[in-house]
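Hello,

Here is the structure I promised to pass on. Please open it first, then read the notes below.

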Amino acid sequence: MLTKASYGDDAKILRVVSINVNGLRASQKKGLFDWIATSEADVICMQETRLSPEQWNDTFKPEGWYMQLFPAQKAGYAGTAIYSRLPFQSVQNGLGFELADTQGRFITAEFDLSHWGVDYPIHIASLYLPSGSSGDDAQARKDIFLDEYKAILKQWRENNKSIIVCGDYNIVHKRIDIKNWSGNQKASGCLPHERAWLDHIYDDLGYVDTFRVVRPEAELYSWWSNRGQARAKNVGWRIDYHACSPDWKERTVNAWVYKEQWFSDHAPVIIDYRF
């Protein structure tokens, strides 16, 4: 894995990781925290933690990290978390509407990077957007979430908020983001109106898919089904993003999907930002 030293001694690099852990207890047993210790990550945004406050014990609290868990009200379900080497100026749970807040689907932290010459607050968030794959009701809930969240994204742009929203969006964007494009046109996560939603936040609202700023090539996926040797055959979907306000575009210097070890059915999506 690329080290920060490769950028030079004077480089100011913020390394941000997004990963759906598919159960933090399960991923911990697969070595997630051992990898985190060597990853040189500054901020790690986790989704689908599926951990209650009572279960969030010292096993999941490595020394030297600031941490915040936002669990779902339903045990063993959804949830997000942020781990950071940088101190939080503040942390906010939720988006202000029920589907996001009762299921722990969004958490954001504010950081002060004035020591790097940034004279305004920056925010890094972890988002776990609902899946619609279990049926029409689930898809309807997902669509409600997209509608509510779109209005919030618009407000953030109007307020010129500097933000990285890492997360599992459960939507592919372009043909190059999925192996089996034709066979999934009627599948949740690849529906035309879902992809149009991503078009809107990128093209109309001005957010930036910073992974694609530096990695335009095809077949760079972040999720694989557990069926049919999908991972071995690289039959995947790119559904994990860093969706950023425009000021992050020029800071993006490197991005990759970490696949040397497997901690869940998603792989960590890592992006380095230079200041």
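**Rings and charges**

The charged end of Arg231 sits over the ring of Trp262, 3.8 Å from the ring centre. Please keep in mind that this is a predicted model. A second case of this kind involves Lys74: its charged end lies over the ring of Tyr77, 4.9 Å from the centre of that ring.

**Aromatic pairs**

How many aromatic pairs does a search of the whole structure find? The search gives 19. Two of them are described here.

Take Phe106 and Tyr149 to start. Their rings form a tilted pair. The centres are 6.3 Å apart, and the planes make an angle of 55 degrees. Phe106 belongs to strand β6 (residues 106-111) and Tyr149 to helix α4 (residues 136-158), so this pair ties together parts that are 43 residues apart in sequence. Are these two residues buried or exposed? Phe106 is buried, and Tyr149 is buried too.

Now Trp248 and Phe275. This aromatic pair is edge-to-face. Centre to centre it spans 5.6 Å, with 85 degrees between the planes. Trp248 lies in the loop between β12 (240-244) and β13, while Phe275 lies in the segment after β14 (269-274), so the pair ties together parts that are 27 residues apart in sequence. Trp248 counts as buried because its relative accessibility is 0%. Phe275 has 22% relative accessibility and therefore counts as partly exposed.

There is also an aromatic cluster. Phe97, Phe106, Phe145, Tyr149, Trp156 and Trp197 make it up. Phe106 and Tyr149, the tilted pair from above, are among its members.

**Sheet with β1**

Six strands form an open sheet. Their order is β3-β4-β2-β1-β14-β13, and the pairing is mixed. Why do β3 and β13 each have a side without a neighbour in the sheet? β3 (66-70) and β13 (252-257) stand at the edges with a single partner strand each, so one side of each is left free of a neighbour there. From one strand to the next, the twist averages 10 degrees.

Within this sheet, look at β1 and β2. Strand β1 (residues 13-20) runs parallel to strand β2 (residues 43-47), and 5 bridges join them. Ile19 has Met46 in β2 as its bridge partner.

**Sheet with β8**

Another open sheet of 6 strands follows the order β5-β6-β7-β8-β12-β9. Here too the pairing is mixed. Which strands are at the edges? They are β5 (90-93) and β9 (208-209), each of which pairs on one side only.

Strand β8 (residues 163-168) and β12 pair over 5 bridges, in the antiparallel sense. The bridge partner of Cys166 in β12 is His242.

**Largest pocket**

The largest pocket has a volume of about 910 Å³. It is lined by 39 residues. Which of them are the closest to its centre? Those are Ser131, Gly132, Ser133, Asn170 and Trp223. Two elements, α4 and β11 (236-237), give two or more residues to the lining. The largest share comes from α4, with 3 residues.

Helix α4 thus appears twice in these notes. It holds Tyr149 of the tilted pair, and it gives the pocket lining its largest share.

Best wishes

Key:
Residues are numbered from 1 along each chain as its sequence is written. This is a predicted model: local features need pLDDT of at least 70, side-chain atom pairs count only at pLDDT 80 or more; totals for chains, interfaces and linings use all residues. Side-chain values use heavy atoms; hydrogens and water are left out. Two strands pair if DSSP finds at least two bridges between them. Helices (H or I, at least four residues) and strands (E, at least two) are DSSP runs, numbered from the N terminus. Axes are lines fitted to C-alpha atoms, for helices over the stretch in contact, and angles run from 0 to 180 degrees between N-to-C directions. Rings of Phe, Tyr and Trp (its six-membered ring) pair if their centres lie within 6.5 Å; planes under 30 degrees apart count as stacked, over 60 as edge-to-face and the rest as tilted. Buried means under 20% relative accessible area, exposed over 50%, partly exposed in between (1.4 Å probe, protein chains only). A charge sits over a ring if NZ of Lys or CZ of Arg is within 6 Å of the ring centre and within 35 degrees of the ring normal. On a 1 Å grid over the protein atoms alone, a cavity is a set of points where a 1.4 Å probe fits but cannot get out, and a pocket is an open set with protein on both sides within 12 Å along at least five of seven lines; lining residues have an atom within 4 Å of a point. Grid points are joined across faces, edges and corners, and a volume is the space filled by probe spheres set on the points.
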